[in-house]
Amino acid sequence: MSKQQIGVSEILKKLNEYELISNDHAIFFRGHSNKDYKLEPYIYRDEIIKKEHIIFKELLLRCPQDFEHCKTTFEFLVKMQHYSLPTRLLDITTNPLIALYFACQSKSKNDAELIVFKVPKSSIKYYDSDTVSILSNLSRVADDFEEPCWIDKNLWPWDDGYDDMIKKYNDFYHIKKLTYEIQSEKPHFEPRIEPDVLSKVLCVKPKMDNQRVIRQDSAFFLFGINNSKKDKPAKLNDSLILAKDKKIIIPHSDKARIIDQLEILGITEATIFPEIEKVASYIKRIYSK
């Protein structure tokens, strides 16, 4: 018996089995071209993390005109991410068809995956959040950055000694370096970083002033650090993955068909990558068939 082919309609039927409607939660999607990929930012592959602060500065010094309108480090990261520079961002989208496109655009022989996230609305941050600034500016500090090893993250704000611990934590050399970077974009930022902040993964909605962000209905997971050092990413909470036991796997043999079907629905390289070189590439491809 031949294996049943999977297309866009089958994927949408599968999504209908999920609980996608909620007043308290927002739904996001991500397409992996390889189902075995970890849910980690690209900066943590191939030990690129050791050069994060360097590649950040290299792109800025080589292409300063492209970042003239960016005011915060998070905005820099969003633009860098969309131009394929490794960052501590992980792309997600509110549009399942966009996620499906990214799952299938690769011609690799790997099976793809469509992942659904259900994020509490109360935990979603916006581009101008102080917490977003803290994690974003980890991109600017050197690879030897670390938190003080003596910190007791189990203390609560109402425990004796908490305020003293916070003061010592923020007086630590590396934390002061991070605060300096934050204050370069937010001069009035109070130098009081809570010890548990750097180990977070934030769901962030960006400013809609970038055509790629608009076309791709983009949002991001912004990753902090794990184990008090930069070389390991913070862990994304598994509870955010909806129906983890019912993964949507797309066989590599169906990728090309799905891309063709998405084209009929208006999801193409030209529509989600609005830059002229991407549009030209799309036109060249369709007229070369």
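**Overall fold and selected buried sites**

The chain contains 11 helices and 9 strands. Its radius of gyration is 21 Å, close to the 19 Å that the globule rule gives for 289 residues, so the chain is as compact as a globular protein of that length. The model discussed here is a predicted one. Along the principal axes, the C-alpha trace spans about 70 × 45 × 35 Å. Of the 289 residues, 46% are buried, and the chain exposes about 15900 Å², of which carbon and sulfur atoms supply 51%. Contacts across the sequence are well represented too: among those between residues at least 6 apart, 76% join residues at least 24 apart.

Helix 1 (residues 8-15) offers a handy place to look at packing. Val8, Ile11 and Leu15 are buried in this helix. These residues cover an arc of only 65° around the axis, which puts them on the same side of helix 1. An α-helix has 3.6 residues a turn, so residues three or four places apart point the same way. The cover over the buried residues of helix 1 includes strand 1 (25-32), helix 4 (96-104) and strand 3 (112-120), along with strand 9 (248-250) and helix 9 (255-264).

A second buried site is found at Ser218, which lies in strand 6 (residues 218-223). Ser218 has a relative accessibility of 6% and therefore counts as buried. Leaving aside residues up to four places away in sequence, Ser218 touches His82, Ile92, Pro206, Met208, Arg212 and Val213.

Turning to the cysteines, a search of the whole structure finds 0 disulfides. Cys149 counts as exposed at 78% relative accessibility, whereas Cys203 is buried, with a relative accessible area of 3%.

Notes. Residues numbered from 1 in each chain as written. Predicted model: local features only at pLDDT ≥ 70, side-chain atom pairs only at ≥ 80, totals over all residues. Heavy atoms only, no water. Buried < 20%, exposed > 50% of the residue type's maximum accessible area, 1.4 Å probe, protein only. Helix = DSSP H or I, 4+ residues; strand = E, 2+ residues; numbered from the N terminus. Arc of directions from axis to C-beta. Contact = heavy atoms within 4.5 Å. Disulfide = S-S within 2.5 Å. Rg over C-alpha atoms; globule rule 2.2 N^0.38 Å. Areas by Shrake-Rupley, 256 points an atom, 1.4 Å probe, with all protein chains shown as cover.
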